[in-house]
Amino acid sequence: MRRDRRRSAVAISPRSIFGSSLAAWYQFNRGVTLGTAPEVAAWADQSGRANDLVQTTAASRPFTAADGIDFDGIDDNIAAPSSSTLDVASALTVAIRVRPDVVTSNRCPIARSLTTAGTWSAQTNGTGIRFHFGTPGVNLGEAASQLTAGVEVTLVWVYAGGGSTNADRLRLWRDGVLQTQVYTGTIPATATNTANTLSIGCFSSATGQFWDGRIKGAVVAIASATDVQRTALERYLGAL
């Protein structure tokens, strides 16, 4: 009998991959609470850590769609309050499945941030994407030519502060392929945690950098994913 690869991939979950290291898990067709349809008023964390995303301002709510949560690139965003369950020491995995509608600079699909600083954030630079630690532009890795308008992509960043070089400490995979990054500053051995919210769809509601397009899933784990874990995570996101 031929094996149903899609079915087996869907059976994988971030919880089964990361166990107690899983800090936040969002899937577009789970845990969504609507305000006035199709507005997304809340997006429940599936990890068990209760890092639930909420948007109380109706005009800033993304919309639910058949193929993801849709952000308008103007003011749509949704966020979870600061929580110690999201604190990073020297290990982190951040993964997203996204489809940009517009590819320009300064669009932020996911961040743990507040005003102008943050623990970490992902941000576009044209068709490329950067992953920052702390204040954007200081310590980061950047990979060019990662995004195309209308095309879904899975991005997985793995941070391992114990690495000896920037390239050892921060790596990026796009659809399962390790990407070449250019580094600015020094990827820290230990991340700095402050009272930062977890935002999806922007850097922070005060700063903006709003995402324009769909987000199908997002996963945050306080662990440096092994190749086996990363591959399983990519299979899960790719099957959404």
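## Contacts and overall fold

In this predicted model, 65% of the protein's contacts with a separation of 6 or more join residues 24 or more positions apart. The secondary structure consists of four helices and 18 strands.

The radius of gyration is 16 Å, which agrees with the value near 18 Å for a compact globule of 240 residues. Along the principal axes, the C-alpha atoms fill a box of roughly 55 × 50 × 35 Å.

## Burial, surface and charge

Buried residues make up 51% of the 240 in the protein. The exposed area is about 9800 Å², and 51% of that area is supplied by carbon and sulfur atoms.

The protein carries 21 positive and 18 negative charges, and the mean positions of these two sets lie 8 Å apart.

## Helix α4

Helix α4 covers residues 227-238. Its twelve residues should span 16 Å at 1.5 Å a residue, and the end C-alpha atoms are 16 Å apart, so the two values agree.

The buried residues of α4 include the charged Arg230 and Glu234. The others on the list are Ala232, Leu233, Tyr236 and Leu237.

## Thr124 in strand β10

Thr124 belongs to strand β10, residues 117-125. Its relative accessible area is 3%, so Thr124 is buried, the cut-off being under 20%.

Leaving out residues up to four places away in sequence, Thr124 touches Thr104, Ser105, Asn106, Arg107, Ile129, Leu147 and Trp211. For one of these, Ser105, the C-alpha to C-alpha distance from Thr124 is 5.0 Å, although 19 residues separate the pair in sequence.

Technical notes:
Residues are numbered from 1 along each chain as its sequence is written. This is a predicted model: local features need pLDDT of at least 70, side-chain atom pairs count only at pLDDT 80 or more; totals for chains, interfaces and linings use all residues. Side-chain values use heavy atoms; hydrogens and water are left out. Helices (H or I, at least four residues) and strands (E, at least two) are DSSP runs, numbered from the N terminus. The radius of gyration is taken over C-alpha atoms; the globule rule is 2.2 Å times the number of residues to the power 0.38. Buried means under 20% relative accessible area, exposed over 50%, partly exposed in between (1.4 Å probe, protein chains only). Contact means heavy atoms within 4.5 Å. Accessible areas come from the Shrake-Rupley method with a 1.4 Å probe; for residues, only the protein chains shown count as cover. The place of a charge is taken as NZ of Lys, CZ of Arg, CG of Asp or CD of Glu. The expected span of a helix is 1.5 Å times one less than its number of residues.
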